[in-house]
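Open the model in your viewer and keep the selection box at hand. This tour goes from the whole chain to a few places worth selecting.

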Amino acid sequence: MGRRVNEAVVTGQLSSDEGGSVARATRAALLLGATGLSVGFGLAFVLLKGDLTAYLTANVLSARARAFLLGLGGAVSLLAVAGGGLYLWLKRREPAAATSLLLQVARRLSPLCVIGFVPLLFHWQIWQSRELTFLSLVAITALTFEAALRTCLAAGPLPVERAFYQRLSSVEGSGLRHRARTPSWPLWIVVACAAGYVAHFAYYTLAFHWGVHSSFDLALEDNLLWNVSHFSHEFFRSTPIFGPHGSHFSHHATFFAYVIAPFYALHPGAGTLLFIQALLMGAAAVPLFLFARLHVPAAAACLIAVCYLMYPPLHGANLYEFHYLPLGTFFLLTTLYALESGRDRLAIVAVILTLSVREDVAAGLSIWGLYLLLTGRRPRVGLALAILGLVYFVLMKMVLMPLYGHGESFTDMFKGLIPQGENSFGGVLKTVVGNPAYTLGTLLDQGKLTYLLLLLVPLAFLPARRSLALLFVLPGFLFTLLSTGYGPLINIHFQYTANWTVYLFVAMVLTLRQYDRHKLTAALGALTVAILATSYQYGAVLQHNTSYGGGIPYHFGVNDVDRQRRQSMDAILKVLPPRAKVVGSGFVIPQVSSRPDAYTMTIGVFDGDYLVFPTEPQDFIVNERQTVTGLLSSNTFGVVLIQPPFALARRGHPTDQNQTLLSRWR
């Protein structure tokens, strides 16, 4: 047959049927060869002994190992092509049908073409400090898998598959079809996974705090809640950051503290806040599922909600102390679901709670409002909501909050965009609108590019595939990307990722709702690959070696050192009066902040009566060691208790133990 085809090609007499058979056979051979090569490489990477780091980072591999890698890849590729050729030879009397079936088989097997990449994605040691390379590899793998899945699904089931499906359908009968119409299992899977998330993050964040590792941000929120729940005479009093006088309202309008206060009063302490944070961040998967189910099949909505729980930027925000910003995710999603499903009473409650969380969370209501308005879903409600969110944000951020401070708070994060002579976020917006060329220059930064990839690659770029995405990236653009020189705003291990997470997942749902069944399945396949790889590398569930809480590598669980630190701190707390005015070092202050007055040593001693500080020089931060040394050397404070790795001193106490500590620090 081969000679007849060649002659026909030369003479120009090749029939359309034979020409089509040759083309199909060629495409099948290429697909089978590429798939086989990838499978061979995947097997080789698994079977190769030793560390692959040197090979992937410096192309260093022994000649024998390299020959094994290339040989196994080539052998599997040739085997796949040869198997296809053998089949065509056996079916040479029916070339059209044979080549069509072979091409269909090759297309059905094409998703295996990413196997060669998979083993490389799950070596966390290799990719530390190589974010761009890793994220590019994940993106290539996920997008290739999506394209291959679409090819696979478009090919249709093979005869053997079709027979299997028919037999399965006949065995299950109408009961399966009934369950397919009204599935309840996706919701229960989401609830179970959300509960697992809450248990996981509540345990590890509480263990981190129990081992005396938590720091300043947790202390200021704990002290704020203590004063709110005890009806302090000063509004939003938080002494770790302001000292004896000052209101945290000058920084953030977190009226949600009054919602939390009754629960906090039942068990006062920073641990209660950590549990509430894990609970609300994990529970947000449920309203996300309910919203997604309005737009995509329940099974797809289930997968989206589970991917939310595995999203690395969510984990980073959860591990970094306690903050109100990530709590807003639950209420924003509940608001959107209630509005889309016509549950207006629930929507009213959710809107009020959203407004209470924080002033910038309230701005998110404007995004929902504009979405409802622009898409025509509920234009009147959308317009009202957009106005409400914007007015509330401007009123709080630019009018009321500055009354409790000296101008707007945190404007230094955007100082590169503030016009000369101004000191407000409004000035930032003037630069963005009036000088876009300069603004663009501040955005073209490698750190910001990496940050965007860390946000979008885990979602296989799905949120960015629709023009409406420009609306949903607005909060992240305004509150993080516009920053100049403030690293935490463009770091996935801080709370600021909440300015992206909720909006990106909603944008992703709205992208997926436009896809047909095959395209939706392929996109969800790409999402699964991307979220698994990135969550393994940067998340806090699949492995614990690369997780951070803020800028510090996160310590998971409890070991002997943690037990010693806990015992030492408990001994000090027994001596310390519950309402004493205490000054604590940076990593001690959350342990003593559940009281009216708890000051942070790096900010000031003020009228503190007690000092709680480390006994080891390396545990001090910033100016703490100089401060304690000065206070003990001048006999202003006398050491009450030395319980390594911590010590307690009191103002006016006898100083006979002071030299014991001072001599350790010389």
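The stops below start with the overall view, then go to the core, one helix and a surface patch.

**Whole protein**

Begin with everything shown, and keep in mind that this is a predicted model. In cartoon view, the protein has 32 helices and seven strands. Measuring tools aside, its C-alpha atoms fill a box of roughly 105 × 65 × 60 Å along the principal axes. Of its 666 residues, 52% count as buried. Among contacts with a separation of 6 or more, 71% join residues 24 or more positions apart. Now switch on the surface: the accessible area comes to about 29,300 Å², and carbon and sulfur atoms hold 63% of that area.

**The largest nonpolar core**

Hide the surface and select I260, I304, Y324, W368, F472, F505 and L512. These residues touch the most other members of the largest nonpolar core, which has 151 residues. Next, select residues 498-512, which form helix α28. This helix gives the most to the core, with 12 residues.

Which residues does I260 touch, leaving out those up to four places away in sequence? Show its side chain together with L225, L273, I276, F322, Y324 and L327, and you have the set. Y324 is also in the list of core residues that touch the most other members.

Apart from this core lies another, of 17 residues. To find it, select V605, F613, A649 and L662, which are among its members.

**Helix α21**

Select residues 359-374, which make up α21. The helix has 16 residues and reaches 24 Å from its first C-alpha to its last, close to the 22 Å expected at 1.5 Å a residue. Is α21 mostly covered or mostly open? It is mostly covered, with 13 of its 16 residues buried. Step just past the end of α21 to G376, which takes a positive phi of about 75°.

**The nonpolar surface patch**

Bring the surface back and select F235, Y258, L373, L374, L383, I387, V391, L395, V399, L400, L403 and Y404. Together they make a nonpolar surface patch of about 1,100 Å². Both α21 and α22, the latter spanning residues 379-400, supply at least two residues each to the patch. Which helix gives the most to it? Colour α22, which contributes six residues. One patch residue to click on is V391, which has its place in α22.

Note on methods
Residues numbered from 1 in each chain as written. Predicted model: local features only at pLDDT ≥ 70, side-chain atom pairs only at ≥ 80, totals over all residues. Heavy atoms only, no water. Patch = residues over 30% accessible without salt bridge, like charges linked within 9 Å, V, L, I, M, F, W, Y side chains within 5 Å. Areas by Shrake-Rupley, 256 points an atom, 1.4 Å probe, with all protein chains shown as cover. Salt bridge = Lys/Arg side-chain N within 4 Å of Asp/Glu carboxyl O. Helix = DSSP H or I, 4+ residues; strand = E, 2+ residues; numbered from the N terminus. Core = buried A, V, L, I, M, F, W, Y, C linked by side-chain atoms within 4.5 Å. Buried < 20%, exposed > 50% of the residue type's maximum accessible area, 1.4 Å probe, protein only. Contact = heavy atoms within 4.5 Å. Expected span 1.5 Å × (residues − 1).
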